[in-house]
Amino acid sequence: MASKKVLMKGNEVIAEAAIRAGCRNYFGYPITPQTEVMHYMAKKMVQIGGNFVQAESEVAAINMVYGAAAAGFRVMTSSSSPGISLKQEGISYIAGAELPAVVVNIVRAGPGLGGIQPSQGDYFQACKGGGHGDYRNLVIAPASVQELYELTVEAFNLADKYRMTCMILGDGTLGQMMEPVAFRDVEPIVEPEKPWAACGRGGRAEHNTVTSIYIQPDDLERKNLELVEKYKIIERDEVRYEAIGLEDAEIVIVAFSTCSRICRNVIRQAAEKGIKVGMIRPITLWPFPKQIIRDTAALPNVKAFLDIELSAGQMVEDVQIAVKGQKPVHFFGRMGGNLPMQKEILDKIIAIHEDPNKEALD
Amino acid sequence: MAVVFEATKGLTGKPFHYCPGCTHGIIHRLIAEVMCEMGILEDTVSVASVGCSYNSYEYFACDAVQAAHGRAPAVATGIKRNLKDKVVFTYQGDGDLASIGAAEIIHAAARGEKITAFFINNAVYGMTSGQMAPTTLLGQVTTTSPFGRDASYQGYPINVSEMIAPLTGAAYVERVCLTDYKNIMAAKKAIKQAFLAQQANLGFTMVEFLSTCPTNWGKEPLEAMDWLKEKMIPQYPLGVFKGEEIDFKKVEADLKAAKEGAKA
């Protein structure tokens, strides 16, 4: 049963959710616009007897995460884009060693030092690798402060279930905004036993080893194939999305997180002009909700897709793969930390409505 | 027949892959023996690094985590903060600890992490085939200082123990070598003292081992030992750089009393 709603900032809710999920380890390095996660942890972790370390760098922080996870403990780090780039080495090792970890990226605009305003330009980095080698991260994109709470708790369960990084991909808007949030009285924590953890033998017959190195090609390929099998199960079981008005939509928007919120208003405005617009909002970015997009593309009422992102167009590549050429796909994005104006999106919808093929992507 | 000697249970028994004349094997055995003699084998987590000893976890019989290049002190921090009653040690070479992992080792020491770093300094990158290390001596020929290390071009060797010791968070820092029985026994004592200081929560502890690399030095094993004595020790003098005042007999007695107190 949910308790009374409280008004909280997105970044603080992430930290509170982690603690509620049983996480007693936070290792981080300051960077805007996610620093409130760290501030909250610095105070709360000490008060509840958990571990908080302000590391010397993001590189060190993710390796502290690696160590705590290897010892069998729930652990989280958070950062923003340039800091997440620095963490990629550790994220790859976490994938190789199959450790559970939650990594939060409150994305800011890039490349390089870029800016500190919101962006979704780290989609490729989050969903297509980022670090070296064949691996995946489970990537979750909440769209509200309430979802930040619920999905952060869930991220710990998923990370433990699949022994991999579960990444919360937010952005500066989501992290900084204040919204009412209702906390549950009891969290749905599912934490499996971790007999593989390196926590001291303590009478165990064999010593445990946490490693990502496999010198023999056949051994490494076997590990690669195990990962592939795991990822297939996740693609089958963990896809999450929200679908709005697909049954009679002429144009279907695909947008996640902050962008999807702007699009909700545009959908109403389009309806006032007699254009039926639906939306598919991926909640998991990987696994990507490919099937619902493919099935929607097959609907006779659907004339075109419009992908909206705070980037030069990254998720749209997955949308195109999912649509599989069945319908034209359009893209509209803003960058640099700017958000799209509702009118910009509405104009794009009107143009697509007039001619669904004009200016469609190849 | 009475058993007069047996292999330490601190090692798995898997044959070492190290080159003839390399002292990794001696150091492994000493650490393993100390873990057994102190009764902490079941309560120790080792952190392997990147370099020739990347798979030290296959030899040590304690639990182990393999870390990315240079990151072992950060990984050990993540482990030890959760397992405060366990012993956690890193095992790192000079490229790993003094070059790519310079930040991690300094900050682990500065934070006074209750971990032990075993630093194996052979003045060269071993596994990647003999490149210049931060600890390579002036004039020393390596595959990336083929004309000898020139200070005006490649800078100076780093004396890690002397750099770490002044940090307040560092409780015990000693440099040892393994050139003969006496030094080997001194090295073993240093390992034990580092573990004792860690168990007593005195702060960060490090033992630097001057080590040989006949393969990449281009020397016979015995020549390598002589070279270490003649060339390395003048640059890297042996001795205790931090914690000389610690009364280890008392530390050990106190730890024993606390343990027995906990049982009773």
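A residue is called buried here if 20 or more other C-beta atoms lie within 10 Å of its own, exposed if 12 or fewer do, and partly exposed in between, with C-beta atoms placed from the backbone. The structure is a predicted model, in which local features need pLDDT of at least 70, side-chain atom pairs count only at pLDDT 80 or more, and totals for chains, interfaces and linings use all residues. Residues are numbered from 1 along each chain as its sequence is written, while chains are lettered from A and ligands numbered from 1 in the order in which they are written. Helices (H or I, at least four residues) and strands (E, at least two) are DSSP runs, numbered from the N terminus.

We can begin with the loops of chain A. With 12 C-beta neighbours inside 10 Å, A:Lys324 counts as exposed. A:Lys324 sits in the loop between helix H11 (315-323) and strand S15 (329-333) of chain A, and its phi is near 55 degrees, a positive value in a residue other than glycine. A:Glu359 is likewise a non-glycine residue with positive phi, near 65 degrees. A:Glu359 belongs to the segment after helix H12 (342-354) of chain A and is exposed, with 12 other C-beta atoms within 10 Å. Chain A also offers cis peptide bonds. One links A:Gly110 to A:Pro111, with omega near 5 degrees, and A:Pro111 falls in the loop between strand S5 (101-107) and helix H5 (123-127). Another joins A:Trp286 and A:Pro287, where omega is about 5 degrees; A:Pro287 is found in the loop between strand S13 (284-286) and helix H10 (290-297) of chain A.

Turning to regular elements of chain A, strand S2 (residues 25-28) and strand S3 (residues 51-54) run parallel and are joined by four bridges; strands are taken to pair if DSSP finds at least two bridges between them. Across this pairing, A:Phe27 stands opposite A:Val53. In S3(A), A:Asn51 and A:Val53 point to one face and are buried, whereas A:Phe52 and A:Gln54 point to the other and are not. Together with helix H2 (residues 35-47), S2(A) and S3(A) form a right-handed β-α-β unit (right-handed meaning that, with the strands pointing away from the viewer, the path from the first strand over the helix to the second runs clockwise). The 13 residues of H2(A) reach 19 Å from first C-alpha to last, close to the 18 Å expected at 1.5 Å a residue, where the expected span is 1.5 Å times one less than the number of residues. H2(A) bends by about 25 degrees at A:Met41, the bend being the angle between axes fitted to the seven residues ending there and the seven starting there. A:Met41 is also one of the buried residues of H2(A), which include A:Glu36, A:Val37 and A:Tyr40. After H2(A) comes A:Gly49, with a positive phi near 80 degrees.

The two chains meet through 34 residues of chain A and 28 residues of chain B, contact meaning that C-beta atoms, placed from the backbone, lie within 7 Å. On the chain A side, S2, S3, helix H3 (58-70), helix H4 (81-97) and strand S9 (209-210) each supply at least two residues, and H3(A) gives the most, with nine.

A sheet also crosses between the chains. S9(A) pairs in the parallel sense with strand S2 (residues 63-66) of chain B over two bridges, and A:Thr209 has B:Ala64 as its bridge partner. The full open sheet has eight strands in the order S9(A)-S2(B)-S1(B)-S3(B)-S4(B)-S6(B)-S5(B)-S7(B), with mixed pairing. Its edge strands are S9(A) and strand S7 (239-242) of chain B, each pairing on one side only. Within the sheet, strand S1 (residues 44-48) of chain B has five of its five residues buried, so it is largely enclosed by the rest of the structure. S1(B) runs parallel to S2(B), with four bridges, and to strand S3 (residues 87-93) of chain B, with five.

Helix H9 (residues 221-235) of chain B has 15 residues that should span 21 Å at 1.5 Å a residue, in agreement with the 20 Å between its end C-alpha atoms. H9(B) bends by about 35 degrees at B:Leu228. Its buried residues are B:Ala224, B:Leu228 and B:Met232, and these pack against strand S5 (170-177), strand S6 (204-210) and helix H8 (214-217) of chain B.
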